[in-house]
Amino acid sequence: MPIRPENRHRYPPDWPRISLAIKERAGWRCECEGECGRATHPGRCPNRHGEPAYGTGSTVCLTTAHLDHTPEHCDPDNLRAMCQGCHLHYDAGHHAVTRAQTRARALADAGQLDLDVGPAAAPVMPPARPQAALPAAPSAATEQLLLDLP
């Protein structure tokens, strides 16, 4: 995912090398094991860089995600190679909070008075939802029973 110009100073000068090392560590495959919350892949995400994404067919762009959303924290244990879909879903709660902060700042800059409603909520990712099994097809005997009902 591209780094916004206003955040570039938060990344170390050798970020391209660090990001490349994480992607190589992952074998150029998404390392998400469901923490993105999409509940669309059991176990590790099958998406590989440059190949069609499962489900959509779009070309996968492998990114490097900061698990704690802090660009300055570049310890390998805090970094995970993720396809763009998993990365966006993983960051959804963080994006909602920063979007609200950006809007509030823009309103304040425009002269909107501030209303103190208490501390901001920390972003919360939804729990991973297990995929529901498809219902079994009714047996011939069950179908006959249903047909025999008045």
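Let's start in the middle. The largest nonpolar core has 21 residues. Inside that core, the residues with the most contacts are Cys30, Cys32, Met82 and Cys86. Who supplies the core? Helix 1, strand 1, strand 2 and helix 2 each give at least two residues. Strand 2 gives the most, with four residues. One caution before I go on: this is a predicted model.

Why group such residues at all? In soluble globular proteins, nonpolar side chains tend to be buried together.

Now take Cys30, one of the core residues with the most contacts. Beyond four places in sequence, Cys30 touches Arg44, Cys45, Asn47, Leu62, Ala81, Met82, Cys83 and Cys86. Keep Asn47, Leu62 and Cys83 in mind. They come back.

Next, the strands. Strand 2 covers residues 79-83. Why is strand 2 called largely enclosed by the rest of the structure? Because four of its five residues are buried. Strand 1 runs over 62-66. How do strand 1 and strand 2 pair? They pair in the antiparallel sense, over five bridges. Look at Leu62: it stands opposite Cys83 in strand 2.

Stay on strand 1 for Thr64. Is Thr64 buried or exposed? Its relative accessibility is 10%, so Thr64 counts as buried; the cut-off is under 20%. The side chain of Thr64 makes a polar contact of 2.7 Å with the side chain of Ser19. Setting aside residues within four places in sequence, Thr64 is in contact with Trp15, Ser19, Ile22, Lys23, Leu79, Arg80 and His87.

Back to Asn47. Where does Asn47 sit? In the loop between helix 1, residues 15-25, and strand 1. Asn47 has 4% relative accessibility, so this loop residue counts as buried. A polar atom of the Asn47 side chain lies 3.0 Å from the backbone nitrogen of Tyr54. Not counting residues up to four places away, the residues that Asn47 touches include Arg29, Cys30, Arg38, Val60 and Cys83.

Ala39 is in that loop too, between helix 1 and strand 1. Its phi is near 55°, a positive value in a residue other than glycine. Most residues other than glycine have a negative phi, and most peptide bonds are trans. His69 also has a positive phi, about 60°, although it is not a glycine. Find His69 in the loop between strand 1 and strand 2. At 24% relative accessibility, His69 counts as partly exposed.

Now the empty space. Rolling a probe the size of a water molecule over the atoms shows where empty space is left. The largest pocket holds about 940 Å³ of space. Of the 31 residues that line this pocket, the closest to its centre are Arg4, Asn7, Tyr11, His94 and His95. Which element supplies the largest share of the lining? Helix 3, with eight residues. Helix 3 spans 92-109, and helix 1, strand 1 and helix 3 each supply at least two lining residues.

Last stop: Ile3, in the segment before helix 1. At 17% relative accessibility, Ile3 counts as buried. Leaving aside neighbours within four places, Ile3 is in contact with Arg8, Tyr11 and Trp15. Tyr11 we met in the pocket, among the residues closest to its centre. Trp15 we met as a contact of Thr64. Finally, Ile3 and Pro71 are 68 residues apart in sequence. In space, C-alpha to C-alpha, Ile3 and Pro71 are 9.9 Å apart.

Definitions and conventions
Residues are numbered from 1 along each chain as its sequence is written. This is a predicted model: local features need pLDDT of at least 70, side-chain atom pairs count only at pLDDT 80 or more; totals for chains, interfaces and linings use all residues. Side-chain values use heavy atoms; hydrogens and water are left out. Buried means under 20% relative accessible area, exposed over 50%, partly exposed in between (1.4 Å probe, protein chains only). A polar contact is a pair of N or O atoms within 3.5 Å; within protein, one must be able to donate a hydrogen and the other to accept it, and residues adjacent in sequence count only if both atoms are side-chain atoms. Contact means heavy atoms within 4.5 Å. A nonpolar core is a set of buried Ala, Val, Leu, Ile, Met, Phe, Trp, Tyr and Cys residues joined through side-chain atoms within 4.5 Å. Two strands pair if DSSP finds at least two bridges between them. On a 1 Å grid over the protein atoms alone, a cavity is a set of points where a 1.4 Å probe fits but cannot get out, and a pocket is an open set with protein on both sides within 12 Å along at least five of seven lines; lining residues have an atom within 4 Å of a point. Grid points are joined across faces, edges and corners, and a volume is the space filled by probe spheres set on the points.
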